[in-house]
Structures are given as C-alpha cells and as structure tokens.
Amino acid sequence: SWPHSADIVRGRPWLHRAFFPSMAEAPKSTARRDGLQAIEAEVQKKWDEMKVFECDAGEASDEKFMVTFPYPYMNGMLHIGHAYSLTKAVFAAHFNRLLGKKVLFP
C-alpha cells in the first residue's frame, strides 16, 4: 500500500517505513556509535592537553581582533552562501593572526 502524502518523510518517499518493512524489526547494533564516541573522547582529551580552545588574551596594549559567524538555522537546507560567509570569517581571523593580533574566533 502506498503511504499517504502526510506520511512521506519531507518529500522523500524512499525513507518511509513502508519501503523498508524490516527496518522496525531489525536489531540495531551500537558498535559504530560506540566506536565514534571512543574516538571523540580520545580527540577531546588531546584537545584538552594541547589547550586548543584556550586563547591568550594578551596585554591591554596588544591589538585584538574578534570575528563572529552566524551559524545556519536547522530549519533550512545548507547552501553555498553558508560556506561563503564562513570562509570570509576564517580568512579574516587567519589574516589578522598573521599580522600579530590576538584573535578570538569562537
């Protein structure tokens, strides 16, 4: 039986459970999730040891630069404009670091 239009997942009928009847009954393995969580914990430990996300505010006389980026909303599709905006912010942060400024890029 064809699913009703209200049941179709965001216009993608191939994601509907009617097309995958065994999807609900199949036991799900957590091995992949567990492996990814182990990698995440290992990387976060390295970041803490290397103090990757800590910044030196410097002295009051040091020249500073801060750049922000509006993160995309989760209610829309990503598009090239998001990458364009982020690329400008990354470039500005890196360029100002090369100039010797104390840069904050959250």
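**A walk through a predicted α-β-α-β chain**

Follow the protein chain along its sequence and you will meet the pattern α-β-α-β. In other words, the chain holds 2 helices and 2 strands. Please keep in mind as you look that this is a predicted model. The mean pLDDT of the protein chain is 79, and 75% of its residues reach 70 or more. Among the elements, helix 1 (residues 31–50) has the highest mean pLDDT, at 94, while strand 2 (residues 102–104) has the lowest, at 88.

Let us begin with the outside. The accessible surface of the protein chain is about 9,600 Å², and 61% of it belongs to carbon and sulfur atoms. Buried residues account for 9% of the 106 residues in the chain.

Now look for a nonpolar patch on that surface. Leu36, Ile39, Val43, Trp47, Met50, Val52 and Phe53 form it, and together they have about 720 Å² of accessible area. One member of this patch, tryptophan 47, sits in helix 1. Why does tryptophan 47 count as partly exposed? Its relative accessibility is 37%, and the partly exposed class runs between the buried limit of 20% and the exposed limit of 50%.

What about the inside? In soluble globular proteins, nonpolar side chains tend to be buried together. Here, the largest nonpolar core has 5 residues: Val67, Phe69, Ala89, Ala93 and Val103. Phenylalanine 69 is a good one to click on. Leaving aside residues up to four places away in sequence, phenylalanine 69 touches His82, Ser85, Leu86 and Ala89.

Next, turn to the strands. Methionine 66 belongs to strand 1 (residues 64–66). Is methionine 66 buried or exposed? It counts as exposed, because its relative accessibility is 52%. Try finding lysine 102 as well: methionine 66 and lysine 102 are 36 residues apart in sequence, yet their C-alpha atoms are 8.4 Å apart in space. For the chain as a whole, take the contacts between residues at least 6 apart in sequence: 41% of these join residues at least 24 apart.

Finally, let us look at charges. Side chains of opposite charge can pair when their charged atoms come close. How many salt bridges does a search of the whole structure find? It finds 3.

One of them brings together the side chains of arginine 33 and aspartate 34, with 2.9 Å from N to O. Arginine 33 is partly exposed, because its relative accessibility is 45%. Aspartate 34 is partly exposed too, with a relative accessible area of 34%.

Another salt bridge joins the side chains of lysine 46 and glutamate 42, at 3.9 Å from N to O. Both residues lie in helix 1, and they are 4 residues apart, which is about one turn of the helix. Lysine 46, at 44% relative accessibility, counts as partly exposed, and so does glutamate 42, at 48%.

There is also a salt bridge between the side chains of lysine 101 and glutamate 63, at 3.6 Å from N to O. Lysine 101 is found in the loop between helix 2 (80–98) and strand 2, whereas glutamate 63 is in the loop between helix 1 and strand 1, so this pair ties together parts that are 38 residues apart in sequence.

Terms used:
Residues are numbered from 1 along each chain as its sequence is written. This is a predicted model: local features need pLDDT of at least 70, side-chain atom pairs count only at pLDDT 80 or more; totals for chains, interfaces and linings use all residues. Side-chain values use heavy atoms; hydrogens and water are left out. pLDDT is the predictor's confidence in each residue, from 0 to 100. Patches are made of residues with over 30% relative accessible area and no salt bridge: like charges are joined within 9 Å, nonpolar side chains (Val, Leu, Ile, Met, Phe, Trp, Tyr) within 5 Å. Accessible areas come from the Shrake-Rupley method with a 1.4 Å probe; for residues, only the protein chains shown count as cover. A salt bridge is a side-chain nitrogen of Lys or Arg within 4 Å of a carboxyl oxygen of Asp or Glu. Buried means under 20% relative accessible area, exposed over 50%, partly exposed in between (1.4 Å probe, protein chains only). A nonpolar core is a set of buried Ala, Val, Leu, Ile, Met, Phe, Trp, Tyr and Cys residues joined through side-chain atoms within 4.5 Å. Contact means heavy atoms within 4.5 Å.
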